[in-house]
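Got the fold open on your screen? Here's a quick briefing to read alongside it, sorted by topic.

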Amino acid sequence: MESKKSSLASSTPNISPSAQGLTQFQGFWIPTLIAPISSIISFQKYFQALDEDIIVASKPKAGTTWLKALVFTIVNRHSYKLSNTPLNSANPHQLISHFEIKFYKENLNPDLSKIPSPRLFSTHLPYPMLADSIKRSNCRIVYITRNPFDIVVSSWHFIKGVHNLPDWPLEDCFEMFCRGEESYGPFWEHALGYWNMSMEKPSNILFMRYEELKEDPVAQTKRLAEFLGFPFSIEEEKTGVVNQIIDFCSFNHLKELEVNKTGKMPRSIIPSNKLFFRSGKVGDYINYLSPTAVELLSNVLKEKLSESSLTFN
Ligand code: A3P
């Protein structure tokens, strides 16, 4: 595979899964520097879901930050105006935190009972690894996915930034992705778990796509609000509330907020919030992956998803 934009040093040694902290656990590759196995086990053991809970689920680089901003704004729109929403001074990941990266990493059995309802949580864990109480409850899960070609390129940039690996070859990242050896991968298993459950329990699991949100943000934001149990009123639609929320949560707006330009989350290994905002485009992979690489990953997906109705363009 050749990469198009970057001049990649072929002599750069590969970084192995273990050097990234990737460890296989319950059938998936977990980035244990970010999400220790102990925190996942505690989450699975102790988390008690409530029917009102809302959980944002995704694989990294699928649009998590965007979806968190939208969910937070939709749910809290009667408490905060856009001019004074906490999103003006906090990164979306601080307002909707991950079970395995924050709550159960900082405390193996945190008291989450005082969080006001609806409690907003997030996770990068695949569906089979969720706490049983979530699967038994009536809570809502919103899952976002994205075309895997853009995910590979986005992940490559992100991992280089987080682990300070400016010379890491895209080829390594790409090959690992195709083998399923990447954060919370395999990608296809991750997406399939939520896809299948969204068919089985459509009122509990909403399956969203980054590209659809880009293409028709109004329809997708209304769909999201409806699913969350916070639908827009006719009055809100008439007065432009939907578009105001979309504009506020847009890439260009969030990226320019000081907290996302220069901020850093406390106790996080992510060196800067700005790493969550790169180009925010659909199809940027075309500038990085050769046609051969695209064909290779397409074939992997075709094979892995052959028995399912899930497809990626
Ligand atoms: P790119 O690297 O392709 O630009 P995640 O939030 O799951 O980590 O995903 C990060 C990807 O979403 C990055 O993609 C980032 O630029 C993009 N992104 C972040 N905020 C966004 C927003 N508000 N709208 C659209 N894309 C956004």
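When a helix is said to lie across strands here, contact means heavy atoms within 4.5 Å, and the angles quoted are taken between N-to-C directions, running from 0 to 180 degrees. With that in hand: H2 lies across strand S3 (54-58), S4, S5 and S6, and runs at about 165° to S3. Keep in mind that this is a predicted model. In an unreviewed entry, UniProt lists residues 51-308 as "domain: Sulfotransferase".

**The annotated stretch**
- Over residues 51-308, helix accounts for 48% of the chain and strand for 8%.
- The end C-alpha atoms of residues 51-308 sit 29 Å apart.

**The sheet**
- Start with the strand order: S4-S3-S5-S6, four strands in an open sheet with parallel pairing.
- Strand S4 (120-123) and strand S6 (205-209) are the edge strands; each has a single partner strand, so one side of each has no neighbour in the sheet.
- On average, and ignoring direction, neighbouring strands of this sheet are turned by 20° against each other.
- What holds strands like these together? Strands of a sheet pair through backbone hydrogen bonds, either parallel or antiparallel.
- For a pair to look at, take strand S5 (residues 140-145) and S6, which pair in the parallel sense over five bridges.
- Which residue of S6 is the bridge partner of Val142? That would be Leu206.

**Helices on the sheet**
- Helix H2 spans residues 64-75, and the strands it lies across are S3, S4, S5 and S6.
- Helix H8 (residues 187-200) also lies across S3, S4, S5 and S6.
- H8 runs at about 130° to S6.

**H2 against H10**
- The axes of H2 and helix H10 (residues 217-228) come within 10 Å and cross at roughly 60°.
- Angles under 35 degrees count as roughly parallel and 65 to 115 as roughly perpendicular, so H2 and H10 are oblique to each other.
- The crossing of H2 with H10 is right-handed.
- On the H2 side, the contact is made by Leu67, Leu70, Val71, Ile74 and Val75.
- H10 brings Thr221, Leu224, Ala225 and Leu228 to that contact.
- Sorted by class, the contact of H2 with H10 has eight nonpolar residues, one polar and no charged ones.

**H6 against H15**
- Helix H6 (residues 148-162) packs with helix H15 (residues 291-304) at an angle of about 120°, and their axes are 10 Å apart.
- That angle makes H6 oblique to H15.
- H6, too, passes H15 in a right-handed crossing.
- From H6, the contact uses Pro148, Phe149 and Val152; from H15, it uses Val294, Leu297, Ser298 and Leu301.
- Class by class, the contact of H6 with H15 has six nonpolar residues, one polar and no charged ones.

**Backbone oddities**
- For background, most residues other than glycine have a negative phi, and most peptide bonds are trans.
- The peptide bond from Ser117 to Pro118 is cis, with omega near -5°.
- You'll find Pro118 in the loop between helix H4 (99-106) and S4.
- The peptide bond from Gly185 to Pro186 is cis as well, with omega near 5°.
- Pro186 belongs to the loop between helix H7 (170-179) and H8.
- Where is Tyr184 found? Look in the loop between H7 and H8.
- Tyr184 has a positive phi of about 65°, although it is not a glycine.

Definitions and conventions: Residues numbered from 1 in each chain as written. Predicted model: local features only at pLDDT ≥ 70, side-chain atom pairs only at ≥ 80, totals over all residues. Heavy atoms only, no water. Helix = DSSP H or I, 4+ residues; strand = E, 2+ residues; numbered from the N terminus. Parallel < 35°, antiparallel > 145°, perpendicular 65-115°, else oblique. Left-handed = near helix turned anticlockwise from the far one by under 90°. Nonpolar A, V, L, I, M, F, W, Y, C, P; charged D, E, K, R; others polar. UniProt positions renumbered as here; feature names shortened; annotations may be inferred. Pairing = 2+ DSSP bridges.
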